[in-house]
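User: I am new to this structure and should like to learn how its features are read. Please take me through them one at a time.

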Amino acid sequence: RCIDPSKINRMSTPAFDPLSVDIAAFAKQGGEVSGVWPLAALDRLRDEAHADASPGQGDQVEWRATGETRACRGGEPQVWLHLNCHARIALVCQRCLQPVDTPVEAQRSFQFVANEALAAAIDADSEEDVLVLGRTLNLVELIEDELLLALPLVPRHPVCPQPLKPPVDAEPFEERAHPFAVLGELKRKPLPN
């Protein structure tokens, strides 16, 4: 990945590597960082773009991450990561198949817990996402995942810039009689005496 460390604004975190974040330490110190990454460096997100409008050098992902610990009655403090990221990407319009400039934004909070069983138990009752706390977290992958999940299912222009053209080899449309039209005619005819 081509993530330039100089594009990260260090607010309260002295050493921060977005590819390997110690979430427990980040949350404990109330870490807060933000930055800008080139959209082209996020391969999976870049692959979603329209073939004729791939992300260029000016296309960027802006993001902000904050860590937090919350006191928990009778237990260890809870470890939280709050994430906000947004970008613009030219997707394929599902009506006209031309590029449609689409804003994509994700705003999520994640609680980190000690193991999978605890994550599954808490996740069932929580509106927030629950993840297992590992040694480090790749923040770049997490941001890319969240932006991919935020992509619209059916991107399209409000009004397509060019009218749709029927395929050259399309047969002319023939209107067929409705299957119950015959019954309707029978109902209208007078019954014989």
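Analyst: Let us begin with a definition: helices and strands are DSSP runs, numbered from the N terminus. Val-130, for instance, lies in strand β6, which covers residues 129-132. Please bear in mind throughout that this is a predicted model.

User: How many helices and strands does the chain have, and what pattern do they follow?

Analyst: The chain contains five helices and six strands. Along the sequence, the pattern reads β-α-β-α-β-β-β-α-β-α-α.

User: How is burial to be read, and what share of the chain do buried residues make up?

Analyst: A residue is called buried when its relative accessible area is under 20%, and exposed when that area is over 50%. In this chain of 193 residues, 33% are buried. Val-130, at 10% relative accessibility, falls under the 20% limit and therefore counts as buried. By contrast, Glu-116 in helix α3 (residues 116-125) is exposed, with a relative accessible area of 62%.

User: Which residues does Val-130 touch, not counting residues up to four places away in sequence?

Analyst: Val-130 touches Gln-111, Val-113, Ala-119, Ile-122 and Asp-123 on that count. A C-alpha separation gives a second view: Val-130 and Leu-118 are 12 residues apart along the chain, and their C-alpha atoms are separated by 9.0 Å. Similarly, 7.9 Å separates the C-alpha atoms of Glu-116 and Leu-131, which are 15 residues apart along the chain.

User: Gln-111 is among the residues touched by Val-130. Is Gln-111 buried or exposed, and what else is it in contact with?

Analyst: Gln-111 belongs to strand β5 and is buried, its relative accessible area being 7%. Besides Val-130, and leaving aside neighbours within four places in sequence, the contacts of Gln-111 are Gln-78, Val-79, Trp-80, Ile-122, Asp-129 and Leu-131.

User: Where is Glu-146 found, and is it buried or exposed?

Analyst: Glu-146 is found in helix α4, residues 139-150. With 6% relative accessibility, Glu-146 counts as buried. Its contacts, apart from neighbours within four places in sequence, are Leu-83, Ala-106, Arg-108 and Phe-110.

User: What share of the contacts in the chain, among residues at least 6 apart in sequence, join residues at least 24 apart?

Analyst: That share is 61%. Thr-69 offers a case in strand β3. Thr-69 is partly exposed, with a relative accessible area of 36%, and is in contact with Ala-27, Lys-28, Pro-77 and Gln-78 once neighbours within four places in sequence are left aside. From C-alpha to C-alpha, Thr-69 and Phe-26 are 9.3 Å apart in space, while 43 residues apart in sequence.

User: How is a pair of aromatic rings described, and how many does a search of the whole structure find?

Analyst: Such a pair is described by the distance of the centres and the angle of the planes. The search of the whole structure finds one aromatic pair. The ring centres of Trp-37 and Trp-63 are 4.7 Å apart and the planes stand at 35°, so the pair is tilted. Since Trp-37 lies in strand β2 (residues 32-38) and Trp-63 in strand β3 (residues 60-70), the pair ties together parts that are 26 residues apart in sequence. Both Trp-37 and Trp-63 are buried.

User: Which ring does the charged end of Arg-70 sit over?

Analyst: The charged end of Arg-70 sits over the ring of Trp-80, at 3.9 Å from the ring centre.

User: How is empty space found, and what volume does the largest pocket have?

Analyst: Rolling a probe the size of a water molecule over the atoms shows where empty space is left. The largest pocket has a volume of about 190 Å³. Its lining comprises 14 residues, of which Glu-76, Pro-77, Gln-78, Phe-112 and Val-113 lie nearest the centre. By class, the lining has 10 nonpolar, three polar and one charged residues.

User: Which elements each supply at least two residues of that lining?

Analyst: These are β4 (78-92), β5 (99-113) and α3. The most comes from β5, which gives three residues to the lining.

User: Lastly, what is the value of phi at Leu-97?

Analyst: Phi of Leu-97 is near 65°, a positive value in a residue other than glycine. Leu-97 is found in the loop between β4 and β5 and is exposed, with a relative accessible area of 53%.

How values were computed:
Residues are numbered from 1 along each chain as its sequence is written. This is a predicted model: local features need pLDDT of at least 70, side-chain atom pairs count only at pLDDT 80 or more; totals for chains, interfaces and linings use all residues. Side-chain values use heavy atoms; hydrogens and water are left out. Rings of Phe, Tyr and Trp (its six-membered ring) pair if their centres lie within 6.5 Å; planes under 30 degrees apart count as stacked, over 60 as edge-to-face and the rest as tilted. Helices (H or I, at least four residues) and strands (E, at least two) are DSSP runs, numbered from the N terminus. Buried means under 20% relative accessible area, exposed over 50%, partly exposed in between (1.4 Å probe, protein chains only). A charge sits over a ring if NZ of Lys or CZ of Arg is within 6 Å of the ring centre and within 35 degrees of the ring normal. Contact means heavy atoms within 4.5 Å. On a 1 Å grid over the protein atoms alone, a cavity is a set of points where a 1.4 Å probe fits but cannot get out, and a pocket is an open set with protein on both sides within 12 Å along at least five of seven lines; lining residues have an atom within 4 Å of a point. Grid points are joined across faces, edges and corners, and a volume is the space filled by probe spheres set on the points. Ala, Val, Leu, Ile, Met, Phe, Trp, Tyr, Cys and Pro count as nonpolar, Asp, Glu, Lys and Arg as charged, and the others, Gly among them, as polar.
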